[in-house]
Amino acid sequence: LCPCFALPVVPVMLKALTYDEKRGACSVGSNVRDAACYVCWAFARAYDPAELIPFISHISSALVIAAVFDRDVNCRRAASVSYHILASVAGTFPHGIDILTAADYFAVGNRVNCYLTISVYIAGFPEYTQPMIDHLVNMKINHWDSVIRELSTKALHNITPRAPEYMANVVLPRLLPLSVGSDLHTRHGAILACAEITHALCKLAQDNNRSVTHYFNEKSLEGLKQIHQEVCCSLKAVSLCRGLGGELMRPAVCTLIEKLSLSKMPFRGDPIIGGWQWLINDSLRHLTLASSSARQLIKESAVSALAALCNEYYINEEGEADPALQDELVTQYVSELQNREEMIRCGFSRALGALPRFLLKGRLQQVLEGLKKVTLISPEDVSFAESRRDALIAIAKVCQTVGVKGGGSQEEFVCRDNVDEIYTTLLNGVTDYTTDSRGDVGGWVREAAMSSLMEVTLLLVQNEAELINANICKQIMCWLAQQSAEKIDKFRAHAGSVFLTLLHFDQPPIPHIPHREELERIFPRSEKETLNWNAASEAFPRITQLLALPTYQYFVLLGLSVSVGGLTETTLRYSAQSLFDYMKKIQSDPSALEGFCETLLKVFEDNLRNDRVSVPLLTMLDQLLANGCFDTFTEQENHPFPVKLFTLCKEEIKRSKDIRKLRSSIGVFCGLIQFQGDMREKVFFQLFLLLCHPFPIIRKTTASQVYEMLLTYGDVVDPDTLEEAMAILSDTNW
């Protein structure tokens with residue numbers, strides 16, 4: 001090929017390497033970029049290396065940028081391979097070997113790694129620094145994909161130390177007008193980029209013992225302040241903070257506030273601080289207007305901005321807060337905790353959890369009382385599971401912020417006067433089993449409560465372990481044991497992880513853990529990280545061993561009842577098998593078997609008419625009776641266990657129309673027929689009532705199971721009537 005053909009082709013190819021056009025909900029540029037990489041590869045095969053020298057710098061920069069910053073993994077890999085071939089053939093690519101090692105075919109497979117790690121390494125070579133920065137500013141911060149925009153701004157933060165003067169004098173002045181422009185995506189990316197670059201420049205100045213404003217002129221500082229005023233305060237921008245635009249603008253400006261605060265910008269006493277505070281409060285108040293996917297990001301951004309803002313601009317030289325400001329802020333936030341909107345409760349709960357110590361000083365009890373009220377379940381807010389979750393998380397954060405001092409004031413520290421109340425609130429969260437159309441939403445609360453219990457307990461044990469009394473420790477470990485035996489894999493794994501963390505913590509060890517030696521034998525320290533609680537086959541054989549420990553028996557059995565009588569096949573199989581194995585072990589130990597039966601009846605009695613427990617418990621009892629786990633009691637007439645069990649079952653299904661519950665009870669009644677005594681007639685009477693039930697499915701199920709019962713326990717009926725009874729059961733159209 002004539003070298004003259006390359007002259008017009010190279011500019012088109014370089015443009016094609018960055019071509020990206022959004023059409024509808026997707027992009028159509030990836031095929032073009034991939035083809036451009038192939039053209040680069042073809043150049044290496046078609047031309048003599050000397051003929052490519054005039055284009056080397058442009059092609060190498062373009063391929064490096066495509067290999068590191070392209071959105072599509074196939075294009076990144078194609079660019080990496082093309083760079084490899086060209087570098088091998090031409091041999092004159094700047095730092096070719098080093099870049100090939102860092103950005104090989106496999107390394108560029110992870111997009112986050114490309115943007116945040118590989119790009120920083122390559123930007124260390126002067127030939128590539130400015131082209132990479134220009135590409136991010138010109139092509140990526142206005143990208144249609146928000147993930148790419150956010151990664152690009154973080155990449156600019158990491159690359160800033162490679163070219164601080166260029167960033168401060170060229171890039172930042174170029175971004176400031178874009179941050180108040182009309183295009184939504186460009187505005188979003190420019191605001192985030194200004195925030196990240198400013199933070200990076202200030203950190204660099206501090207590391208070099210310079211003023212934080214060393215890299216900024218007066219115009220840049222004023223431009224950074226104007227972003228908030230232009231975007232959020234002008235009449236034009238009011239609409240920008242509502243609806244779809246608000247879902248991008250609010251977290252972006254909150255991120256800007258956070259980064260400027262962390263950068264220690266000289267804005268103390270400036271009216272802009274009040275504007276920032278207003279935006280944070282307004283964002284937390286308007287979470288309900290955002291889509292469900294954007295709420296979490298807005299909430300986290302606002303809370304992070306609040307923490308940074310308070311730590312930098314609300315503390316005086318003595319390390320105290322202005323009393324009037326503290327009173328206004330804390331009182332306002334606590335009052336919002338009783339708002340009728342759940343999302344507002346969530347936002348201000350997390351905001352209280354993010355407040356620094358000097359703002360909580362003297363107000364701790366007010367904050368804890370407010371958060372405690374959010375965790376309580378009332379008929380009006382029974383479905384507010386997310387607000388209860390965030391309140392529990394906030395309580396743990398507040399405790400960690402204020403610290404521990406046993407003899408201190410309850411308005412300033414976690415101390416003897418308030419530690420029991422804190423634990424009571426957190427333990428109540430572990431009992432939240434609220435369900436709605438979304439499913440087991442109470443699981444979010446239980447998960448947060450377990451995490452908070454762990455954080456508070458570790459905080460106390462490392463400071464003043466004597467504040468943890470034996471009763472509290474017993475309750476924590478027992479509730480965690482119950483959650484570790486339940487049916488949902490995610491929550492079982494979380495509970496098991498917290499359980500083992502507390503058990504094996506040794507800096508110093510947590511006091512008053514019941515049966516510590518037995519627990520350490522069942523759960524060795526060496527298996528703390530390897531035990532897979534998500535796998536029922538690994539978790540249940542371990543957790544059922546806790547049934548042998550009297551302190552844990554009730555709670556583990558309560559958790560197992562839900563698992564053994566559940567609907568998930570894997571969980572049911574392994575939990576039931578583990579329970580049956582335990583029952584076989586105690587058959588020869590009458591005292592252990594009696595203790596187990598007493599605990600079982602106690603669980604049933606405590607959860608009577610509680611369908612979450614009682615229905616699967618009936619299913620579990622049916623399986624236990626069918627597997628002969630209580631055969632020891634069949635030889636004794638009128639044994640108390642079957643008599644009490646019959647009474648509880650009868651009471652449970654009284655006036656019930658729950659088909660699953662009724663069908664489970666039929667199996668229990670049929671299993672109880674094997675026990676001798678006067679109760680046998682009562683069991684038959686109950687089964688006859690079920691044969692006459694208004695629901696056809698109940699009549700049919702009863703007839704089928706009674707038929708099987710008579711086949712199994714034929715001696716319980718007079719032989720003369722047995723054949724006639726079985727004929728009626730089998731021939732009747734129930």
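This report walks through two pockets, a surface patch and some backbone oddities in a predicted model.

## The largest pocket

Let's start with the pockets. The largest one has a volume of about 520 Å³. It is lined by 25 residues, and those closest to its centre are Glu 150, His 188, Pro 251, Leu 297 and Ser 301. Four helices each give two or more residues to this lining: H9 (146-159), H11 (184-207), H14 (243-262) and H16 (292-313).

H14 puts in the largest share, with 8 residues. Sorted by class, the lining of the largest pocket comes out as 8 nonpolar, 9 polar and 8 charged residues.

## The second largest pocket

Next up is the second largest pocket, at about 350 Å³. Here 23 residues make the lining, with Lys 487, Ile 488, Val 562, Arg 612 and Pro 616 closest to the centre. The elements that supply two or more lining residues are helices H25 (489-504), H28 (550-564), H29 (569-585) and H31 (611-626).

H31 gives the largest share of this lining, which is 4 residues. The class split for the second largest pocket is 8 nonpolar, 7 polar and 8 charged.

## A nonpolar patch on the surface

Over on the surface, Tyr 19, Val 28 and Val 32 make a nonpolar patch of about 190 Å². Val 32 sits in helix H2, which covers residues 30-46. Its relative accessibility is 32%, so Val 32 counts as partly exposed.

## Backbone oddities

Now for the backbone. Most peptide bonds are trans, and most residues other than glycine have a negative phi. A few spots in this model go the other way. Gln 507 and Pro 508 are joined by a cis peptide bond, with omega at about -5 degrees. Pro 508 belongs to the loop between H25 and helix H26 (516-522).

Then there are two residues with positive phi. Asn 638 isn't a glycine, yet its phi is near 55 degrees. You'll find Asn 638 in the loop between H31 and helix H32 (640-652), and its relative accessible area of 34% makes it partly exposed. Arg 655 is not a glycine either, and its phi is positive at about 60 degrees. Look for Arg 655 in the loop between H32 and helix H33 (659-672). Is Arg 655 buried or exposed? It counts as exposed, because its relative accessibility is 75% and the cut-off for exposed is over 50%.

Note on methods. Residues are numbered from 1 along each chain as its sequence is written. This is a predicted model: local features need pLDDT of at least 70, side-chain atom pairs count only at pLDDT 80 or more; totals for chains, interfaces and linings use all residues. Side-chain values use heavy atoms; hydrogens and water are left out. Patches are made of residues with over 30% relative accessible area and no salt bridge: like charges are joined within 9 Å, nonpolar side chains (Val, Leu, Ile, Met, Phe, Trp, Tyr) within 5 Å. Accessible areas come from the Shrake-Rupley method with a 1.4 Å probe; for residues, only the protein chains shown count as cover. A salt bridge is a side-chain nitrogen of Lys or Arg within 4 Å of a carboxyl oxygen of Asp or Glu. Buried means under 20% relative accessible area, exposed over 50%, partly exposed in between (1.4 Å probe, protein chains only). On a 1 Å grid over the protein atoms alone, a cavity is a set of points where a 1.4 Å probe fits but cannot get out, and a pocket is an open set with protein on both sides within 12 Å along at least five of seven lines; lining residues have an atom within 4 Å of a point. Grid points are joined across faces, edges and corners, and a volume is the space filled by probe spheres set on the points. Ala, Val, Leu, Ile, Met, Phe, Trp, Tyr, Cys and Pro count as nonpolar, Asp, Glu, Lys and Arg as charged, and the others, Gly among them, as polar.
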